[in-house]
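Visitor: Please pick one part of this molecule and take me through it slowly. I would like to see how the pieces around it connect.

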Amino acid sequence: MDRIEVQPLTAASADRLDRLFRLYNARLLGFAATRTRDHAAAEDVVSETWLRAAVSLSQLRADDAHAYGWLRSIAFRAAVDQYRPRSASEKPEDFTDALSARALPAAPAAEADALVYEGLTDCQAAVWRLKAQGLSDRNIARRLGRSETAVWKRKHAGARRLRASLALAG
């Protein structure tokens, strides 16, 4: 991994970074929260944003009142990097357990229940199967090699389909 030589901040740069922090930190946290859907992950993204901003502050040509776009683009990249596997060892390799079996691992489903789960797509069924095993959205995302947002969307789309199926069956 390449190491970047970081120069210490000058007093003027530190003052500017402090002003930018006071102006835009809450706004960046709101943006990151919409991207990650998790407050703790949003705080991590914003922290990474400020670190990256400190390193590349000399590249900012806009005045402080117009610096939000620059900071937002840094935050967007930090959010993307938050969910990108960092090494080959973190990439999922085996999806057969999640994608092959569509029944929940609990007691054998009644015939009507099995028909309800047949209404889900393969991806929705995989997410619901892992959710039934007690995994968090973040762990499901890592396991399936998807973003947390994609898992969240599949989970909720599957829930809508399940509710519709149960309404028809009931």
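Guide: Let's begin with one word: a residue counts as buried when its relative accessible area is under 20%. The model we are looking at is predicted. Gln124 has a relative accessible area of 7%, so Gln124 is buried. You will find Gln124 in helix 6, which covers residues 122-132. What does Gln124 touch, if we skip residues up to four places away in sequence? Its contacts are Arg154, Ala157, Gly158 and Arg161.

Now move along the chain to helix 7, residues 137-144. Asp137, Ile140, Ala141 and Leu144 are buried there. Because these four cover an arc of only 100 degrees around the axis, they lie on the same side of helix 7. A general rule helps here: an α-helix has 3.6 residues a turn, so residues three or four places apart point the same way. After helix 7 comes Gly145, with a positive phi near 70 degrees.

Let's turn to the nonpolar residues. In soluble globular proteins, nonpolar side chains tend to be buried together. The largest nonpolar core here has 21 residues, and those touching the most other members are Leu20, Leu28, Trp50, Ala53, Trp70 and Leu71. Helix 1, helix 2 (39-55) and helix 3 are the elements that each give two or more residues to this core. Helix 3 supplies the largest share, seven residues. Leu20 is a good one to follow: beyond its neighbours within four places in sequence, Leu20 is in contact with Asn25, Trp50, Leu57, Leu60, Asp64, Ala67 and Leu71. Another core of six residues lies apart from the largest one, and its members include Leu130, Ala141, Leu144 and Val151. Two of those names, Ala141 and Leu144, we met as buried residues of helix 7.

Finally, let's look at the rings. The model has two aromatic pairs. One of them joins Tyr24 and Tyr68 in a tilted arrangement, 5.7 Å centre to centre with 40 degrees between the planes. This pair links distant parts of the chain, since Tyr24 belongs to helix 1 (residues 11-36) and Tyr68 to helix 3 (residues 68-83), 44 residues apart. Tyr24 and Tyr68 are both buried. Tyr68 has another partner too: the charged end of Arg27 sits over its ring, 3.7 Å from the centre. Elsewhere, Arg37 lies over the face of Trp152, at 4.1 Å from the ring centre.

Technical notes
Residues are numbered from 1 along each chain as its sequence is written. This is a predicted model: local features need pLDDT of at least 70, side-chain atom pairs count only at pLDDT 80 or more; totals for chains, interfaces and linings use all residues. Side-chain values use heavy atoms; hydrogens and water are left out. Buried means under 20% relative accessible area, exposed over 50%, partly exposed in between (1.4 Å probe, protein chains only). Contact means heavy atoms within 4.5 Å. The arc is that of the directions from the helix axis to the C-beta atoms. Rings of Phe, Tyr and Trp (its six-membered ring) pair if their centres lie within 6.5 Å; planes under 30 degrees apart count as stacked, over 60 as edge-to-face and the rest as tilted. A charge sits over a ring if NZ of Lys or CZ of Arg is within 6 Å of the ring centre and within 35 degrees of the ring normal. A nonpolar core is a set of buried Ala, Val, Leu, Ile, Met, Phe, Trp, Tyr and Cys residues joined through side-chain atoms within 4.5 Å.
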